[in-house]
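Q: Please take a close look at one part of this model, the network of salt bridges, and describe how its members are placed. I would also like to read about its surroundings, including the nonpolar cores and the ligand site.

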Amino acid sequence: MRTPLIAGNWKMNTTTTEARVLASDLRGPLDSIEGVETVVCPPFVSLATVADALRRSSVKVGAQNMHYEAKGAFTGEIAPAMLADLCEYVILGHSERRHIFLEDDALVNKKVAAALSAGLKPILAVGERLEERNAGDTEQVITRQVRAGLAGIAADEALIIAYEPVWAIGTGIAASPEAAGETIGLVRRLVAELYGDEFAQALRILYGGSVTPDNIAELRAQREVDGGLVGGASLKATDFVSIVRQSAPAAG
Ligand code: PGA
């Protein structure tokens with residue numbers, strides 16, 4: 001049995017003060033829910049504050065991005081070891097990084113390798129764009145992103161993958177549970193080709209893209225969907241808590 005995981009991606013939202021309040025609001029309710037791993041990913045500048053607000057809580061902290069170099073002249077960038085001091089997880093290859101900041105598969109691959117060697121747990125995000133989906137290229141795009149993202153990387157239990165169709169992110173139009181389950185099944189088969197079936201069966205693969213308290217139960221009802229990467233709905237404590245509560249094994 002895979003432990004479900006719900007990660008909140010706060011994106012470029014919350015001041016440090018707001019981040020502390022949100023983390024404090026989440027702490028009590030989330031600590032009372034059993035059987036779900038929870039992670040919140042605030043902006044870099046609030047990582048220390050949120051980590052402090054969640055000390056000795058079951059809620060874990062993650063970053064939203066990272067540079068792959070250990071240190072040096074990379075103005076404005078954050079190195080793996082800097083994050084490893086503050087948090088456990090890091091989202092890599094998010095569609096906003098790929099499409100707004102033009103990160104390609106090769107760069108994402110370097111980041112995944114660097115995160116793992118720094119002892120971080122990468123949440124590797126993959127997903128097709130609307131044009132690619134309409135052209136019937138979903139399988140091809142996901143196959144490329146998974147294979148290239150994991151190229152040369154040894155099997156590591158710290159790895160998590162999130163399938164986030166780009167057209168579903170922030171649009172209010174989530175993938176149907178069946179489509180999410182089907183594509184996550186494809187991701188799991190690709191991972192099995194790389195690392196074997198046992199590893200693939202143990203790997204958590206999340207769905208992301210307009211996850212809300214209203215659709216999480218049906219998404220989680222899909223055998224392949226091990227949780228969610230939640231954007232907008234992670235900024236409201238009551239919504240995020242509801243999503244986590246409905247993701248618990250007992251709720252399903
Ligand atoms: P959304 O974002 O839940 O607001 O669609 C998801 C994500 O980008 O991770």
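A: The answer below starts with the charged network, moves on to the cores, and ends with the ligand and two further residues.

The model is a predicted one, and every distance quoted here is computed from its heavy atoms, with hydrogens and water left out. Salt bridges number 15 in the structure. Side chains of opposite charge can pair when their charged atoms come close. In one network of such pairs, Arg2, Arg188, Arg223, Glu224 and Asp226 are linked with one another.

Arg188 is a convenient place to begin, and its position is in helix α8, which spans residues 177-195. With a relative accessibility of 3%, Arg188 counts as buried, because the limit for that label is under 20%. Leaving aside residues up to four places away in sequence, Arg188 touches Arg2, Ala200, Gln201, Leu203, Ile205, Glu224 and Asp226. In addition to its charged partners, the side chain of Arg188 reaches a backbone atom, namely the oxygen of Leu203, at 2.7 Å.

Two acidic residues pair with Arg188. Glu224 forms a salt bridge with Arg188 in which the closest N and O atoms are 2.5 Å apart. Because Glu224 lies in the loop between α10 and β8 while Arg188 belongs to helix α8, this pair ties together parts that are 36 residues apart in sequence. Glu224 has a relative accessibility of 14% and therefore counts as buried. Asp226 likewise forms a salt bridge with Arg188, with 2.8 Å between the closest N and O atoms. Asp226 also lies in the loop between α10 and β8, so its pairing with Arg188 in helix α8 joins parts that are 38 residues apart in sequence. Asp226 and Arg188 are both buried.

Asp226 has a further partner in Arg2, and in that salt bridge the closest N and O atoms are 2.8 Å apart. The pair links distant parts of the chain, with Asp226 in the loop between α10 (216-220) and β8 (227-230) and Arg2 in the segment before β1 (5-9), which places them 224 residues apart. Arg2 is buried, as is Asp226. Asp226 thus takes part in salt bridges with both Arg2 and Arg188.

Helix α8 also has a part in the nonpolar interior. In soluble globular proteins, nonpolar side chains tend to be buried together. The largest nonpolar core here has 66 residues, and those with the most contacts inside it are Leu26, Val112, Leu150, Ile161, Val191 and Tyr207. Helix α8 supplies the largest share of this core, 7 residues. Another core, of 11 residues, lies apart from it and includes Cys41, Ile91, Ile160 and Leu206. Tyr207, one of the highly connected members of the larger core, touches Tyr163, Pro165, Ala168, Ala174, Ala175, Ala180, Ile184, Leu219, Val225, Gly227, Gly228 and Leu229, again without residues up to four places away in sequence.

Ile153 lies in the loop between α7 (138-149) and β6 (160-163), and it counts as buried at 11% relative accessibility. Beyond residues up to four places away in sequence, Ile153 touches Asn109, Val112, Ala113, Leu116 and Tyr195; Val112 is among the residues with the most contacts inside the largest core. Ile153 and Cys41 are 112 residues apart in sequence, and the distance between their C-alpha atoms is 24 Å.

The ligand has 13 residues around it, of which Lys11, His94, Glu164, Gly170 and Ser210 come nearest. A polar side-chain atom of Lys11 lies 2.7 Å from an oxygen atom of the ligand, and a polar side-chain atom of His94 lies 2.6 Å from a ligand oxygen atom. Gly232 approaches through its backbone, with an N or O atom 2.8 Å from an oxygen atom of the ligand. On its own the ligand has 290 Å² of accessible area, and the protein covers 94% of that.

Thr49 completes the description. Thr49 lies in helix α2 (residues 47-53) and is buried, with a relative accessible area of 14%. Its contacts, other than residues up to four places away in sequence, are with Thr16 and Arg20.

Key. Residues numbered from 1 in each chain as written. Predicted model: local features only at pLDDT ≥ 70, side-chain atom pairs only at ≥ 80, totals over all residues. Salt bridge = Lys/Arg side-chain N within 4 Å of Asp/Glu carboxyl O. Helix = DSSP H or I, 4+ residues; strand = E, 2+ residues; numbered from the N terminus. Buried < 20%, exposed > 50% of the residue type's maximum accessible area, 1.4 Å probe, protein only. Core = buried A, V, L, I, M, F, W, Y, C linked by side-chain atoms within 4.5 Å. Contact = heavy atoms within 4.5 Å. Near = heavy atom within 4 Å. Polar contact = N/O pair within 3.5 Å; in protein donor to acceptor, adjacent residues only side chain to side chain. Areas by Shrake-Rupley, 256 points an atom, 1.4 Å probe, with all protein chains shown as cover.
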